[in-house]
Amino acid sequence: RKILVIKMRFHGDMLLTTPVISTLKQNYPEAKIDMLLYQDTMPILSENPEINALYGVINKGAGTTDKIKNALSLIKTLRANHYDLIVNLTDQWVVALIVRFLQAPVKISQDFANRQSSLWKKSFTHLVPYSGEHVVERTLSALQPLGLAHQVTETTMSYRPEHWQKMSQELKRLGVEHQYVVVQPTARQLFKCWDNDKFSRVIDALEARGYQVVLTSGPSAEDLACVDEIARGCKTQPVTGLAGKTRFPELGALIDHAALFIGVDSAPGHIAAAVKTPV
């Protein structure tokens with residue numbers, strides 16, 4: 001009746017977890033499924049109708065005292081929810097401490113090679129080895145002890161109609177009148193990125209084929225500087241007015257209505273795959 005899924009990673013990783021949520025919901029349609037995740041990744045799952053509640057762990061910009069207070073508050077709240085099943089998909093050591101305080105009869109975790117201590121192993125009723133090649137398959141393998149009849153392998157990105165309405169109005173304001181391509185050249189890790197001048201050439205090629213190009217990015221100064229350099233290198237100026245200004249549900253709506261998405265290994269790429277926009 002009550003399920004807690006734990007995954008503390010970055011935004012793209014959270015989308016790759018949604019098949020687990022969908023599989024649990026399909027097999028236990030009446031269950032309320034909650035998720036424990038990092039606070040700053042909550043927006044990417046905030047509109048998912050299969051999730052009952054999101055509980056956030058502090059992970060950035062907080063001192064030790066605040067982190068302890070946050071953990072104790074979460075433990076109190078989660079204990080009161082009386083979960084029947086806990087599925088852990090993350091290897092942070094704090095998970096073992098939190099799970100030990102929860103009285104769920106079934107506590108499943110993937111068997112992480114770097115978590116072989118007695119403290120970790122005794123915190124769960126089942127430890128499941130990885131199986132499968134794709135990360136979605138490996139994540140779904142955690143559900144093996146449940147013997148579920150059906151599995152959902154597609155990722156999900158949800159947004160509300162008003163999110164697209166806002167994006168549509170912004171596109172019109174910025175002069176986008178026909179088919180557009182979203183290009184997001186930035187990523188959290190620099191090694192994932194491509195050369196800016198090559199992005200500029202790709203944008204010019206798209207514009208020459210009759211597409212308008214919308215450049216998006218995160219809000220950091222580095223991301224915005226990257227977008228600016230790429231735009232300045234283009235013969236035809238792409239739309240940069242949305243860079244750093246879209247929340248994740250809005251970005252999902254923007255990419256969903258695009259003719260094509262071009263980017264690097266980052267959350268927007270996973271969003272494009274989830275909404276089935278060509279990548």
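# Working through contacts

Lys-192 has a relative accessible area of 26%, so it goes down as partly exposed (buried is under 20% relative accessible area, exposed over 50%, and partly exposed in between, with a 1.4 Å probe and protein chains only). The model is predicted, so local features need pLDDT of at least 70 and side-chain atom pairs pLDDT 80 or more, while totals for chains, interfaces and linings use all residues. Residues are numbered from 1 along each chain as its sequence is written, and side-chain values use heavy atoms, with hydrogens and water left out.

**Exercise 1.** Find the salt-bridge partner of Lys-192 and say which parts of the chain the pair links.

Step 1. Look for a carboxylate: Lys-192 meets the side chain of Asp-265 in a salt bridge, 3.5 Å from N to O (the rule wants a side-chain nitrogen of Lys or Arg within 4 Å of a carboxyl oxygen of Asp or Glu).

Step 2. Place both ends: Asp-265 is in the loop between strand E9 (260–263) and H11, and Lys-192 is in the loop between strand E7 (180–184) and helix H8 (196–208). These are DSSP runs numbered from the N terminus, helices being H or I with at least four residues and strands E with at least two. The pair links distant parts of the chain, 73 residues apart.

Step 3. Check the cover: Asp-265 is partly exposed too, at 44% relative accessibility.

**Exercise 2.** How many salt bridges does the structure hold? Work through two more of them.

Step 1. The count is ten.

Step 2. Take Lys-276 and Glu-154, whose side chains meet at 3.3 Å, N to O. This pair also joins distant parts of the chain, 122 residues apart: Lys-276 sits in the segment after helix H11 (267–274), and Glu-154 in the loop between helix H6 (135–140) and helix H7 (161–173). Lys-276 is exposed at 56%, whereas Glu-154 is partly exposed at 47%.

Step 3. Now a local case: Glu-170 bridges to Arg-173, with the closest N and O atoms 2.7 Å apart. The two are three residues apart in helix H7, so about one helical turn separates them. Glu-170 is partly exposed at 22%, while Arg-173 is exposed at 56%.

**Exercise 3.** Why does Cys-193 have no disulfide?

Step 1. Search the whole structure: zero disulfides turn up (a disulfide needs two cysteine sulfur atoms within 2.5 Å).

Step 2. The closest cysteine sulfur to that of Cys-193 belongs to Cys-226 and is 6.2 Å away, which is too far for a bond. Cys-193 is partly exposed at 26%.

Step 3. Try Cys-234 as well: its closest cysteine sulfur, again in Cys-226, is 11 Å off, so no bond there either. Cys-234 is buried, at 10%.

**Exercise 4.** Sort out the rings and charges around Trp-120.

Step 1. Phe-112 and Trp-120 pair edge-to-face, 6.2 Å centre to centre with 75° between the planes (rings of Phe, Tyr and Trp, its six-membered one, pair if centres lie within 6.5 Å; planes under 30 degrees apart are stacked, over 60 edge-to-face, the rest tilted). Both residues are buried.

Step 2. Widen the view: ring pairs connect Phe-112, Trp-120, Phe-124 and Tyr-130 into a cluster.

Step 3. Add the charge: the charged end of Arg-115 sits over the Trp-120 ring, 6.0 Å from its centre (the rule asks for NZ of Lys or CZ of Arg within 6 Å of the ring centre and within 35 degrees of the ring normal).
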